[in-house]
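Please look over the sequence and the structure shown below before reading on. The paragraphs after them are meant to be read with both in view.

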Amino acid sequence: MTGTSPTMRPSDVVRRSAEFLRHHDVESPRETAEALLIYFLGTDRAGLYALDEGLDTRTARLFGRALCQRCHGIPVQYLTGEQQFMDLVLGVAPGVFIPRPETEGLVEVALELLRPVTNPVVVDVGTGTGAIALAIAHRRPDARVLATDVSEAAVTVATANASRHDLAVEVRRGDLLEPLEPDLRGRVDLLTSNPPYLTREVYESLPEEVRAEPYEALVGGTDLHHRLASLAPEWLVPGGWLVVEIGDEQGPEVRALFEERLDEVAVVADLAGRDRVVRGRLPLEPPSAG
Ligand SMILES: C[S@@+](CC[C@H](N)C(=O)[O-])C[C@H]1O[C@@H](n2cnc3c(N)ncnc32)[C@H](O)[C@@H]1O
C-alpha cells in the first residue's frame with residue numbers, strides 16, 4: 001500500500017503517504033496525510049513532527065485503511081469524524097454536509113447584524129451539523145437559537161454537537177420553518193440559511209469526494225432562497241434580518257427576490273471577491289396602504 005515500515009518516523013510516514021495520495025490524484029495530499037495521522041495518533045501538528053518513534057501495528061493498519069478510503073473518494077472529515085468551524089470542533093458523519101470555511105463569512109455577517117439586539121431569537125434553516133446555529137449560540141449566549149433540517153441524520157449530528165459544546169440550540173426535524181411553534185411568528189430577529197444551492201450541472205462536474213456528501217444537502221439551485229424570502233415576512237420581527245449563503249453566480253437573482261419583500265438588501269462577497277451572502281431586512285413600518 002503506502003510502504004510504511006514500523007521504524008519509520010511519523011514525519012517520514014507523512015512524506016511517503018503524501019506521495020501515495022498524490023499518485024492517486026487526491027487534492028492537498030500532504031495536508032490530508034497529516035490530518036489523518038494527527039487523528040490516528042491523537043496528537044496535534046507540533047506533536048506529530050516531534051515524534052520519532054514508528055507507528056504501532058494497530059495505528060499503522062488504521063491509518064493505511066483510511067488512506068485507501070480517501071483514495072476511493074471518502075472525504076477526510078468522514079474518516080476523522082470532525083471538522084473545525086470558527087471556534088468549534090464539530091462532529092461530522094456520512095450522510096451530513098461537511099461545514100465549509102466560506103460559511104464562516106455568513107456567521108460574521110449575522111453576528112454583526114445581531115450586535116444591537118439583546119436576547120435575540122435566531123433560527124437557522126437547513127442546519128446540517130449545526131455549524132451556523134452553534135457558532136452563533138457560542139458567540140451570543142443571550143440568544144435563543146433554534147435550528148431545523150429535513151434530514152434525520154443532520155438532526156442527530158447537530159443535537160450531538162450542541163451537547164458536545166454544551167450549547168442550548170433547539171434542533172428540530174422538518175421542512176424549513178414548519179417545525180417552529182406558531183407563536184414564534186413575527187418574533188424572529190434573524191433567520192439564517194446555507195441552503196443546498198448547487199445546480200445539477202455543477203454537481204455532475206464535482207470531484208468524487210464532494211459527491212460523497214448527500215445530494216439533497218448540495219443541490220437545489222435557488223429554490224430554497226425563493227421559499228425563504230416568501231416565508232421571512234411572516235416570521236421575522238419588524239426590523240429582523242434574513243441572511244442566506246448563495247452560489248457565486250446567484251447574487252443578482254437572489255438580490256432581486258429579496259428586494260420584492262425586504263429592505264437594506266445587500267450582496268456580500270467573500271475574501272476571494274465572490275458573491276457569497278445575501279441579506280435583507282423586514283421593514284420596520286408596514287408598507288402604507290395605496
Ligand atoms: C448546504 S447544507 C448546509 C448545512 C449547514 N447549514 C452548513 O452550513 O454547514 C444544506 C442543509 O439543508 C438541509 N435541507 C435541505 N432542504 C431542506 C428543507 N426543505 N428544510 C430544511 N432543511 C433542508 C439539508 O439536509 C442540509 O443539511
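What follows moves from the whole chain to a helix, a strand, two backbone angles and a pocket.

The model is a predicted one, and the protein chain in it holds 13 helices and 9 strands. Taken along the principal axes, the C-alpha atoms of the chain fill a box of roughly 80 × 40 × 30 Å. Of the 290 residues in the chain, 49% are buried, while the chain as a whole exposes about 14100 Å², of which carbon and sulfur atoms supply 50%. When the contacts with a separation of 6 or more are considered, 62% of them are made by residues 24 or more positions apart.

Among the helices, α2, which covers residues 29–41, offers a simple check of geometry. Its 13 residues should span 18 Å at 1.5 Å a residue, and because its end C-alpha atoms are in fact 18 Å apart, the expected and the computed spans agree. The residues of α2 that are buried are P29, T32, A33, E34, L36, L37 and I38, a list that includes the charged residue E34. These buried residues pack against four helices, namely α1 (10–23), α3 (45–50), α4 (57–71) and α5 (76–80). Just after α2, G42 takes a positive phi of about 60°.

Positive phi values also turn up at residues of another kind, and here some background is useful. Most residues other than glycine have a negative phi. D25, in the loop between α1 and α2, has a positive phi of about 60° although it is not a glycine. M86, which is found in the loop between β1 (82–85) and β2 (88–91), is likewise a residue other than glycine with a positive phi, in this case near 50°. Are these two loop residues buried or exposed? D25 has a relative accessible area of 71% and is therefore exposed, since the cut-off for that class is over 50%. M86, by contrast, has a relative accessibility of 12%, so that it counts as buried under the 20% limit.

A strand residue gives a view of the interior of the chain. L146 lies in strand β4, which comprises residues 144–149, and its relative accessibility of 0% means that it counts as buried. Which residues are in contact with L146, once its neighbours within four places in sequence are left aside? They are V121, V122, V123, D124, E170, R172, L180, E181 and L184. V125 stands 21 residues from L146 along the chain, and the C-alpha atoms of the two are separated by 8.6 Å.

The last stop is a space rather than a residue. Rolling a probe the size of a water molecule over the atoms shows where empty space is left. The second largest pocket has a volume of about 250 Å³. Its lining is made of 14 residues, and those closest to the centre of the pocket are P101, E102, G105, D270 and L271. Two or more lining residues come from each of α6 (103–114), β8 (263–269) and β9 (275–281), and α6 gives the largest share, with 4 residues. By residue class, the lining of this pocket divides into 8 nonpolar, 1 polar and 5 charged residues.

Conventions: Residues are numbered from 1 along each chain as its sequence is written. This is a predicted model: local features need pLDDT of at least 70, side-chain atom pairs count only at pLDDT 80 or more; totals for chains, interfaces and linings use all residues. Side-chain values use heavy atoms; hydrogens and water are left out. On a 1 Å grid over the protein atoms alone, a cavity is a set of points where a 1.4 Å probe fits but cannot get out, and a pocket is an open set with protein on both sides within 12 Å along at least five of seven lines; lining residues have an atom within 4 Å of a point. Grid points are joined across faces, edges and corners, and a volume is the space filled by probe spheres set on the points. Buried means under 20% relative accessible area, exposed over 50%, partly exposed in between (1.4 Å probe, protein chains only). Contact means heavy atoms within 4.5 Å. Accessible areas come from the Shrake-Rupley method with a 1.4 Å probe; for residues, only the protein chains shown count as cover. The expected span of a helix is 1.5 Å times one less than its number of residues.
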